[in-house]
Amino acid sequence: MIDLVITEEMKEKAREYSSLAIESLTKQGKINYTGLDTDDRYYYGNLGERIFLELLKAQGKKATYKSKADGNSDKGDFIVFGQITGQPKVVDIKTASKSFHTRIMLPELQWAKADYDYYIGIKLNGDVGEVWGYCKKKDFEVENNGFNEQQAPTRYKYLNDLGSIEKFLTLIKDGEVVEK
């Protein structure tokens with residue numbers, strides 16, 4: 001696990017993103033099926049992305065990051081490039097936002113549609129972002145029911161069962177992060 005300090009700038013950018021995403025969702029009449037408060041869902045998710053962005057920059061890794069604030073599903077949070085082949089790989093960030101959270105969650109609807117190469121698990125712990133590790137789509141366990149009637153069925157992966165983030169970083173080509 002690698003810890004990074006969560007800065008006020010990261011928080012402010014995540015708040016801005018959350019406001020834009022919620023505004024777009026409201027206009028589209030979309031429902032929130034995750035069970036998280038809508039403000040929290042987008043804020044914490046984007047904060048997790050910003051933590052990973054700072055990690056990639058600090059490690060000198062080649063990646064592309066595009067923060068998409070329209071409330072629609074994205075094509076992945078990051079594109080990283082393989083160390084050996086240079087081939088692009090799609091990465092999605094999953095953020096555990098509470099101190100008692102022990103796993104990252106992936107709603108079944110996202111799991112069925114998404115074709116990401118890797119998922120990165122990040123846990124928020126006060127003013128520290130803990131980058132725990134990575135897994136592939138096939139690694140998620142099935143939870144047959146949502147936690148209540150409002151939530152969609154969900155898949156999960158325990159944070160302590162993720163592959164080492166240090167190992168993941170060795171798989172990525174060195175270079176610069178491009179933000180779009």
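**Exercise 1. Find which residues touch the most other members of the largest nonpolar core, and follow one of them outward.**

Step 1. In this predicted model, the largest nonpolar core has 30 residues, and Ile51, Phe52, Val91, Ile120 and Phe168 touch the most other members. A nonpolar core here is a set of buried Ala, Val, Leu, Ile, Met, Phe, Trp, Tyr and Cys residues joined through side-chain atoms within 4.5 Å. Buried means under 20% relative accessible area, exposed over 50%, and partly exposed in between (1.4 Å probe, protein chains only).

Step 2. Helix α2 (residues 38-59) supplies the largest share of this core, 8 residues. Helices (H or I, at least four residues) and strands (E, at least two) are DSSP runs, numbered from the N terminus.

Step 3. Now take phenylalanine 168: beyond its neighbours within four places in sequence, it is in contact (heavy atoms within 4.5 Å) with Phe52, Val80, Val91, Tyr118, Ile120 and Tyr134.

Step 4. Another core, of 11 residues, lies apart from the largest one, with Ala96, Leu106, Ala114 and Leu159 among its members.

A word on the ground rules: residues are numbered from 1 along each chain as its sequence is written, and side-chain values use heavy atoms, leaving out hydrogens and water. Because the model is predicted, local features need pLDDT of at least 70 and side-chain atom pairs count only at pLDDT 80 or more, while totals for chains, interfaces and linings use all residues.

**Exercise 2. Classify the ring pair of tyrosine 17 and tyrosine 42.**

Step 1. The whole structure holds 11 aromatic pairs. Rings of Phe, Tyr and Trp (its six-membered ring) pair if their centres lie within 6.5 Å; planes under 30 degrees apart count as stacked, over 60 as edge-to-face and the rest as tilted.

Step 2. For tyrosine 17 and tyrosine 42, the centres are 6.4 Å apart and the planes stand at 50°, so this pair is tilted.

Step 3. Tyrosine 17 belongs to helix α1 (residues 8-28) and tyrosine 42 to helix α2, so the pair ties together parts 25 residues apart in sequence. Tyrosine 17 is buried at a relative accessible area of 11%, and tyrosine 42 is buried at 9%.

Step 4. For practice, try tyrosine 116 and tyrosine 119: with centres 5.7 Å apart and planes at 70°, the pair is edge-to-face. Both of these tyrosines are buried.

**Exercise 3. Name the residues that ring pairs link into a cluster.**

Step 1. The cluster links Phe52, Tyr65, Phe78, Tyr118, Tyr134 and Phe168.
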